[in-house]
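Please work through the exercises below with the sequence and the three-dimensional view side by side, and try each task before you read its solution.

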Amino acid sequence: MQSDEIADRPDREHRPSPIDVHVGGRVRLRRTLMGMSQERLGEALGLTFQQVQKYERGVNRIGASRLFDLARVLDVPIGFFFDDMPDGVGGGASPGLPRRSVSGFADSQDGFEDDTLHRRETLELVRAYYRITDPAVRKRVFDLIKSLTPTE
C-alpha cells in the first residue's frame, strides 16, 4: 500500500470495531461468571493479563485460533461469543433471511435486557449457585427460585 493511501484512511480504523468490543465483552462475561481472573485466563492461553484486557475491551481483535482456545478454556461453544449481538452491530438478519443467533438457536427473548448479565448481583448469584456441589441440592435451589417467580 502506498503512503498516500495510508494517509487517506479514515480515523475509524483506530477505534475498536463494535463486533470486537461485543466479543471481548462476552469473553469478560464468561470469565467473570467462572470466577476466573484475567491473569489466570492469560496463563491458560499463554498470554499476559494485559493482552487479555485488550481482548476484553476490543482493542485487539481475537483471531480464529485464539477464539477456539478461549472457547475451550472458558468451556463454551464459539457461538457464545456472538450471541446477543445488537442488531446495529452485526446481529441483524441479511435481506430475505430470518434472524438467527450465530449458534443457530432461536432469537433472544424480547424485552430481555443484556444489562442483567453484567450486574454484580447476577454474577454473585450464578457463582454461588455453581459452588453448590451436590446436584440434587442445586436442582432444588433452581426449582425454588423458579417457583418464586411470577407466572407468565
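**Confidence and conventions**

The mean pLDDT (the predictor's confidence in each residue, from 0 to 100) of this chain is 78, and 72% of its residues reach 70 or more. This is a predicted model, in which local features need pLDDT of at least 70 and side-chain atom pairs count only at pLDDT 80 or more, while totals for chains, interfaces and linings use all residues. Residues are numbered from 1 along each chain as its sequence is written, and side-chain values use heavy atoms, with hydrogens and water left out.

**Exercise 1.** Find where in the chain confidence is lowest and where it is highest.

*Solution.* Begin with the helices, which are DSSP runs of H or I with at least four residues, numbered from the N terminus. Confidence is lowest in helix α1 (residues 3–7), with a mean of 50, and highest in α3, with 96. Next, look at residues 91–113, where the pLDDT is below 50; beyond near neighbours in sequence, this stretch has 21 contacts (heavy atoms within 4.5 Å) in the model. Where pLDDT is low, the predicted coordinates should not be read in detail.

**Exercise 2.** Determine how many helices and how many strands the chain has.

*Solution.* Reading along the sequence gives the pattern α-α-α-α-α-α-α. The count is therefore seven helices and zero strands, a strand being a DSSP run of E with at least two residues.

**Exercise 3.** Work out which helices supply the largest nonpolar core, and which residues touch the most other members.

*Solution.* A nonpolar core is a set of buried Ala, Val, Leu, Ile, Met, Phe, Trp, Tyr and Cys residues joined through side-chain atoms within 4.5 Å; buried means under 20% relative accessible area, exposed over 50%, and partly exposed in between, with a 1.4 Å probe and protein chains only. The largest core has 20 residues, of which V27, L41, L45, I62, L70, L74 and F81 touch the most other members. At least two residues of this core come from each of α2 (18–33), α3 (38–45), α4 (49–57) and α5 (64–74). The largest share, five residues, belongs to α5.

Now follow α5 itself, where L67, L70, A71, V73 and L74 are buried. The buried residues of this helix pack against α2 and α3. From the other side, L45 touches R66, D69, L70 and V73, leaving aside residues up to four places away in sequence. Just after α5, D75 takes a positive phi of about 60°.

**Exercise 4.** Describe how α2 is set against α4 and against α6.

*Solution.* Axes are lines fitted to C-alpha atoms, for helices over the stretch in contact, and angles run from 0 to 180 degrees between N-to-C directions. The axes of α2 and α4 come within 5 Å and cross at roughly 120°. That makes α2 oblique to α4, since angles under 35 degrees count as roughly parallel, over 145 as roughly antiparallel, 65 to 115 as roughly perpendicular and the rest as oblique. Here D20, V21, G24, G25, V27, R28 and R31 of α2 meet Y55, E56 and R57 of α4.

For the second pair, the axes of α2 and helix α6 (residues 120–131) come within 9 Å and cross at roughly 45°, so α2 and α6 are likewise oblique to each other. Their contact is made by L29, T32 and L33 of α2 with L123, V126 and R127 of α6.

**Exercise 5.** Decide whether Q53 is buried, partly exposed or exposed.

*Solution.* First locate Q53, which is found in helix α4. Q53 counts as partly exposed because its relative accessibility is 27%.
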